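Let's take a stroll through a protein model and see how charged and greasy side chains are placed. Keep the structure open while you read.

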Amino acid sequence: IFVKRDDLLDLALGGNKIRKLEFIFGDVLRKNADTVITTGAYHSNHARLTAAFARKTGRDVYLVLTPPGSKDSKDLRGNLLIDRLFDAKIIDAKDPDEAEKIMREIASELERRGRRPYIISRGGAMAPGVLGYAYAMFEILQQLYDMNIKPDYIVAATGTGGTQAGLLLGKILAGLDSKIIGISVGRKADYLIEKIYELVFEGARYLNVDIRFSRDEIIVYDDYTLGGYGVINKDLVKVISDVAFKETILLDPVYTGKAMTGLIDLVNKNVIKKGSNILFIHTGGTPILFQYQEIISKYLEEIKRE
């Protein structure tokens, strides 16, 4: 198992959203937008890094945040603390549907005031964002081939679908035959397959390339969500604890912890064939550990007593 350490990318504690936002903010600058608006959970890595990119490029930023995560937006820890440090304008919403409505209302109000807002989709799951991991695929392959390694499987957490869509688009463009496996962190596989399928073609159109691609090429497992996005249990914390102890790699309980749980189980079931070369994409999320510190601490104590 090899690990692509995108948690170590160099901006505001890293993560996969940096690759997506690099292209999204290229579009922001091209359109001369002066304000960006996005949404995510209270613990959102995407929100944190959108705020970081906004500060880097001198843009205002609105974050419309929803559960799960911190129960109180004044409870400053993890990603939410970093959002505040970047002076993001934070608005609460009860759910993603309300958040979408609020984002449109903010954009309309800003336009009435002569501003130029730009709405970024949840998780950066939009055409320019897909290019982040399409481009990353070539970087990954160059690094692996330099070590004389061909990946049989590439495994990553799948939330809004943009990372997996980018990897699939990159795989097509590179002519690679590796299997790209997404481990859902909350949504049903059927929904994600449709979303990823759409995003792959949106990314291809944005690049102005023709591709041949079938839904059958999209592999998503939704057996490791624990019943929903942001749901945590002791077994998940045990995986996080084991990886930290054995490899000194920090996984989070919302994304990478579930993805690693899925990877281990698929190996144990021989779905991922033993003896294969596996690349795990570490998509970041370290600050989330501190946002869920009470429940993680509780389960760690139980594990310690066993």
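**Charged pairs and a greasy patch**

Start with Glu294 and Arg77, which are joined by a salt bridge whose closest N and O atoms sit 2.6 Å apart. This pair links distant parts of the chain: Glu294 belongs to helix 11 (residues 293–305), while Arg77 is in the loop between strand 3 (60–66) and helix 3, 217 residues apart. Bear in mind that you're looking at a predicted model. How covered up are the two partners? Arg77 has a relative accessible area of 16%, so it counts as buried, since the cut-off for buried is under 20%. Glu294 comes in at 48% relative accessibility and therefore counts as partly exposed.

Now hop over to Glu139 and Lys4. They form a salt bridge too, with 2.7 Å between the closest N and O atoms. Why does this pair tie together parts that are far along the sequence from each other? Because Glu139 lies in helix 5 (residues 127–146) and Lys4 in strand 1 (residues 2–5), the bridge connects parts that are 135 residues apart in sequence. Lys4 is buried, with a relative accessible area of 10%, and Glu139 is partly exposed at 28%.

Next up are Arg215 and Glu194, whose side chains meet in a salt bridge of 2.7 Å, N to O. Here Glu194 is part of helix 7 (189–207), and Arg215 is in the loop between helix 7 and strand 8 (219–221), with 21 residues separating the two in sequence. Both ends get the label partly exposed: Arg215 has 37% relative accessibility, and Glu194 has 33%.

Salt bridges can also share partners. Lys4, Asp6, Arg19 and Glu139 are joined into one network that way, so go back to Lys4 and Glu139 and look for the other two members. How many salt bridges does the model have? The count comes to 18.

Let's finish with something that isn't charged. Leu76, Leu81 and Leu85 make up a nonpolar patch on the surface, and together they have about 280 Å² of accessible area. One of them, Leu85, is in helix 3 (residues 78–85). Is Leu85 buried or exposed? Its relative accessibility is 64%, so Leu85 counts as exposed, the cut-off for that label being over 50%. If you look along the chain from Leu76, you'll also meet a familiar name: Arg77, the buried partner from the opening pair.

Terms used:
Residues are numbered from 1 along each chain as its sequence is written. This is a predicted model: local features need pLDDT of at least 70, side-chain atom pairs count only at pLDDT 80 or more; totals for chains, interfaces and linings use all residues. Side-chain values use heavy atoms; hydrogens and water are left out. Patches are made of residues with over 30% relative accessible area and no salt bridge: like charges are joined within 9 Å, nonpolar side chains (Val, Leu, Ile, Met, Phe, Trp, Tyr) within 5 Å. Accessible areas come from the Shrake-Rupley method with a 1.4 Å probe; for residues, only the protein chains shown count as cover. A salt bridge is a side-chain nitrogen of Lys or Arg within 4 Å of a carboxyl oxygen of Asp or Glu. Helices (H or I, at least four residues) and strands (E, at least two) are DSSP runs, numbered from the N terminus. Buried means under 20% relative accessible area, exposed over 50%, partly exposed in between (1.4 Å probe, protein chains only).
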